[in-house]
Amino acid sequence: MRKVLQQLKQYKRDTFLCIGLTALEVIMEILMPFVTAIIIDRGLEASNLPVVYRYGALMVGMAFLSLIFGALAGKNAASAASGLSANLREAIYANIQTFSFSNIDKFSVPGLVTRMTTDITNVQNAFMMVIRVAVRAPLNLIFSFAMCLIISPHLSGMFLIAVVFLVIVIGSIMVVTLKIFRQVFRRYDDLNASVQENVTAIRVVKAFVREDYENLKFSKASKMLYDLSVKAEGLLAFNNPAMMVAVYFCIISVSWLVAQFIVGGSLTTGDLTSLFSYIMSLLMSLMMLSMVVVMISMSMASIRRISEVLNEKADLTDPEDPVMTVADGSIDFNHVNFSYKHGSGKNSLSDIDLHIKSGETIGVIGGTGSGKSSLVNLICRLYDVDEGSVCVGGVDVRKYDTEVLRNQVSVVLQKNILFSGTILDNLRWGNPDATEEECIEACKAACADEFIDRMPQGYETRIERGGSNVSGGQKQRLCIARALLKKPKVLILDDSTSAVDTATDASIRAAFAKQIPGTTKIIIAQRVSSVEASDRILVLDDGRIDAFDTHENLLKSNVIYQEIYNSQLEGSGDFDQPA
Amino acid sequence: MSDKMNEKKSESRGNTAMKLISRVIRYMLHYYKYLFLLVIVCILINAVTTVVGATFPQTLVDDYITPMLASGSRDFSGLAADLVRLACIMAVGVVAAFAYNRIMVNVSQGTMLHLRDDLFRRMESLPIKYFDTHAHGDIMSVYTNDVDTLRQLLSQSIPQIINSVITMAATLVTMIVLNPALTVISILTAVVMLLVTSNFSKLSGRYYIRQQIDLGAVDGFIEEMLDGQKVVKVFCHEEAAMKDFHEVNERLRNSTNKANRYANLLMPINANVGWISYALVAIVGAILGINGLAGVTIGTVVTFVGLNKSFTNPITQVSQQINFVVNAAAGAQRVFDLMDQEPEVDDGYVELVNAKEDENGNLTESPVRTDLWAWKHPHKAEGTVTYRKLEGGVVLDDVDFGYTDDKIVLHNISLYAEPGQKIAFVGATGAGKTTITNLINRFYDIADGKIRYDGININKIKKPDLRRSLGMVLQDTHLFTGTVMDNIRYGKLDATDEECIEAAKLANADGFIRRLPDGYNTMLTGDGANLSQGQRQLLAIARAAVADPPALILDEATSSIDTRTEKLVQAGMDALMKGRTTFVIAHRLSTVKNSDCIMVMEQGRIIERGTHDDLIAAKGKYYQLYTGNFAD
């Protein structure tokens, strides 16, 4: 909760202004019945018109003041609440930017989106409610009680009875219902999960003709939610009548006693009306307080979910005195062990020890899950090793400034993504200052120029969200061009030409050899043809190095390599091209 | 000119909002007509008792205090009797209040229950196309965000508004009876308040709409950027992303601020106009009372200021509800949008029934489950019914298909599958392989041509029966929350445990299931997140196996399976295929080698067809792909 409130920052002023102005508004409101008492006693009862005019005018003036205070308080409340939610979103987004890959893996994108929209909206509404009401209610309570005491100390006992009655009744209802509400929320999550399941698996449902079965399942879950909600809200239904009992109790007892006091001469008729007003506002503020409690506890779940992201610490941090230059493109793995879940005992990479010279072209091949992607992800420090070390240019990657390292080690990820914007915009992710010529040159090397040229607006063509208006192969080529623009010392292609036909694949590799001979190139591929021309080929199996040699030697000696090679020769190779 | 246009627009928006709200209310009344009537009666009783309570000070002052003060009498017995009577009336009021609060819980929660169930039922009946064209997050948010806005409307706003209106009416009547002159002031105030409320809620409503749009923009931005967050990291693009985010976020903050600012103004304005009206009534009342005009007594004024408060308070309260109502209208729009979607049409009349075959080979319908299935084909013209054995023969005759009318993705597809044959489709992603299989089970309807199943046009077969006769293992495996056993049983709900285990054995899944912590009783959650892709695939095969359909569609997974599991999956599929008409979408050529016919697809057309040997001999595309021998 504190973490969330810290995000108020520049809106603290608005918050306090709102609270202060609300307090002023409440004071005005509290004084109103007091003035009405004067109007009645000294004006009406005494048939004194000037008093009525004077205090009537005072009342109108106070109402205007109260209106101004209230309006300003409302304005500040709106600005504070919307500011808080904007800051929260920004803080979460900023924190996500510091996340490492393993942090990102932990939260799902829909989960993060819900946190940044629905949850924050909940908190925003609760916050606004709290700063407007949480001040008003107790102040009202205290002032009203004080005014009652001033008017008639004898009667305050009655109010005390009413207040104690309400506190006990509403309090116990709250305690019980909040407990039930917590279950209700859990059921809600279950219900949503089941909707989600049906939305994503609708083809399975339809293929097996299970619509009725799913309907029944959903009805049951929905009925359970209904039963619990009715139980919780059924209890809440006591709130209003309890409040009425308290009010009526006060009206009757006050009527009885006040009649005697007035006749006895210790109270006036005006006191009677203001007493009634104060009773109402006293009890109303109790109701408001109970509402605030409900609001806060309902938004508690959202607060918790938001804090989870805010508290998530990036597990990769820059060293204190980082190395700012990368000497060359040599890469060394020194007995590296790595697992995605630290200490799970299931290593994704075990005892990797390999040394790559600057400017070499290395092919990496192996089955799914053999650790190819994990291996290259360590080079640009997308994850940290568990044991051993990875060095680029002779320096441990953990000693570099991350930005420097990643600018020199350019990865084309397996699951690659283009963003909405023009082709040039996307290319300039690689280098914001790249000229159009440089972009075109990079696209030529990546064999992307040919299809971009054919597009109606060429390099200014807009890419739709997720690159949905270009084909898989075109997307991959654009991603390669984007990575080339970094002019890196190490270029890693993680299965990045799988959707590109063999001929283009070959000409991209030829362009690499010609244009960036000094860059170390690591190519992960499924096709032997993509890697056979490499200086050396790394064969991975189950997270271990099985062999590291030239195509010719591997073909002679390595069983796995032979198997893959033969299978692709014989045609049990992949017919389809993974998207 | 443009102002007028805007006004018209917002007016029509106001109208649709009213229409939506009234539709919600009609929906509620459909289920809870009498209960809701009871609620209104209780509210009425409660309002009357409230007014009685509010007028009591007049009785107190005029009938007791003033005479007593004048006479100096100390006899309170009359007052005591009156108070007891009042207490009884109030008790009735409390009971009525409790009754309507409590009944309303059932009404509102019950309406929500029906609404959710109806929504879900409608959703299940929608064609696949709907799910293709709507973001899943959007559909989800109907259940979470939108239905929730209606809860507020039903459980709070509607009773509150009814209560307020009735209280106002009752108070108004009392006021008129008490003193028509003073009533005018109250009515004038009420008009001012109503004007303020309607104007400000229009203003804030405009910004609420903008807020929803901006919220959508933020939502979209986050989704796109977080989807590509790994790319953002690799390119050290964090700062630029922050800057872009700041822009959309700032826009949202702005519209939220404005929407709430105007909404927040309502309460202070209305409450204080209420006080001003209080002062006016007091002043005018005093003038009249002191001058003895219009029959005003001090007691009248004292009561009247109180009544005036109960008359204006409801307006303040209703104005607090306006936001919820506006919000609910937006929610209702989306809820009804989903509710009004056209369900999948099914004009089929041919049914799948259990059958018996007598010694002459004639089929008759059987009431009990037999191993024999037949198509029951009523002929309306002749009024006869014929039975035809379910065998699993599928014919596609010159089929064209497009997901949208203007873009045909499958052209002139013809194929003939004899019962028991294995037909394979090969080709690159996007060539249309999966689409063909989706036409056979009528996930989509064809644009042109005919598909026949056992000689019957599939458009004549009831969709559920058609789909029941076709087993499917889909490319993306989806599992449901529940035990492993539950998931296998999904294929045939009345399958015994033994049948399920048998199916798992057939699919090669038994081995890994037994190694799971609770074996067949292991709970699966989150789409089987605790299983590997290969294991999920095996379960999906077992699920299809237990259904034991005469025809099968197997869409192999493209990736993420290691070579060892792949062999297991392959073996499972092979076992399942035995003796069934099978359509295989294959990615590894070794799978399709033994097919009766292989269709090579490219861009929505079958470019080559034949057995493996035929195709190799033809030296076409298949040959190239198979030998890896590309003509450069």
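Reader: Starting with strand β4 of chain B, which residue there does His377(B) stand opposite?
Author: Thr386(B). This is a predicted model, by the way.

Reader: What makes β3(B) and β4(B) count as paired strands?
Author: The cut-off is at least two bridges between the strands. Strand β3 (residues 373-379) of chain B and β4(B) have six, in the antiparallel sense, so they count as a pair.

Reader: What makes β2 and β4 of chain B edge strands?
Author: Each pairs on one side only. They belong to an open four-stranded sheet in the order β2-β1-β3-β4, with antiparallel pairing. Strand β2 covers 363-365 and β4 covers 384-389. Ignoring direction, neighbouring strands in this sheet are turned by 50 degrees against each other on average.

Reader: And the sheet with β6 and β9 of chain B, why is one side of each left without a neighbour?
Author: That open sheet is also built of four strands, ordered β6-β5-β8-β9 and paired antiparallel. β6 (410-417) and β9 (456-457) each have a single partner strand, so they stand at the edges.

Reader: How do you know that β8(B) and β9(B) pair?
Author: The requirement is at least two bridges, and strand β8 (residues 448-453) of chain B makes two with β9(B), antiparallel. That meets the cut-off, so the pair counts. In β9(B), Ile456(B) is the bridge partner of Tyr453(B). Helix α9 (residues 433-440) of chain B packs on this sheet, where it touches β5 (394-401), β6 and β8. The direction of α9(B) makes about 115 degrees with that of β5(B).

Reader: On to helices. Why are α5(B) and α7(B) called roughly antiparallel?
Author: The label goes to angles over 145 degrees. Helix α5 (residues 180-227) and helix α7 (residues 238-290) of chain B pack at about 170 degrees, their axes 8 Å apart, so roughly antiparallel is the right term. Their contact has 30 nonpolar, 11 polar and four charged residues.

Reader: What makes α2(B) oblique to α8(B)?
Author: Angles under 35 degrees are roughly parallel, and 65 to 115 is roughly perpendicular. Helix α2 (residues 77-125) and helix α8 (residues 298-339) of chain B pack at about 45 degrees, with axes 9 Å apart. That value falls between those two classes, hence oblique. On the α2(B) side the contact uses Asp118(B), Leu119(B), Arg122(B) and Met123(B), and on the α8(B) side Val335(B), Leu338(B) and Met339(B). Sorted by class, that contact has five nonpolar, no polar and two charged residues.

Reader: How do you know how chain B compares with a compact globule?
Author: For 632 residues, a compact globule would have a radius of gyration near 26 Å, but chain B has 36 Å. The C-alpha trace spans about 125 × 70 × 55 Å along its principal axes. Chain B holds 18 helices and 16 strands, and buried residues are 46% of its 632. Of its contacts between residues at least 6 apart in sequence, 75% join residues at least 24 apart.

Reader: Why is Val230(A) called partly exposed?
Author: Buried takes 20 or more other C-beta atoms within 10 Å, and exposed takes 12 or fewer. Val230(A) has 19, so it lands in between. It sits in helix α8 (residues 211-236) of chain A and touches Val105(B), Asn106(B) and Gln109(B), leaving aside residues up to four places away in sequence.

Reader: How many residues does each of chains A and B bring to the contact?
Author: Chain A brings 128 and chain B brings 128. Helix α3 (residues 49-98) of chain A gives the most to the chain A side, with 27 residues. That side divides into 67 nonpolar, 43 polar and 18 charged residues.

Reader: What makes helix α11 of chain A mostly covered?
Author: Eight of its eight residues are buried, among them Lys372(A), Leu375(A) and Ile379(A). After α11(A) comes Arg381(A), with a positive phi near 55 degrees.

Reader: Last one: which strands of chain A does β1(A) join?
Author: Strand β1 (residues 331-338) is joined by five bridges to β2 (residues 349-356), running antiparallel, with Val336(A) opposite Ile352(A). β1(A) also pairs with β4 (residues 387-392) of chain A over five bridges, again antiparallel, and there Phe333(A) stands opposite Val390(A).

Notes:
Residues are numbered from 1 along each chain as its sequence is written. Chains are lettered from A and ligands numbered from 1 in the order in which they are written. This is a predicted model: local features need pLDDT of at least 70, side-chain atom pairs count only at pLDDT 80 or more; totals for chains, interfaces and linings use all residues. Two residues are in contact if their C-beta atoms, placed from the backbone, lie within 7 Å. Ala, Val, Leu, Ile, Met, Phe, Trp, Tyr, Cys and Pro count as nonpolar, Asp, Glu, Lys and Arg as charged, and the others, Gly among them, as polar. Axes are lines fitted to C-alpha atoms, for helices over the stretch in contact, and angles run from 0 to 180 degrees between N-to-C directions. The radius of gyration is taken over C-alpha atoms; the globule rule is 2.2 Å times the number of residues to the power 0.38.
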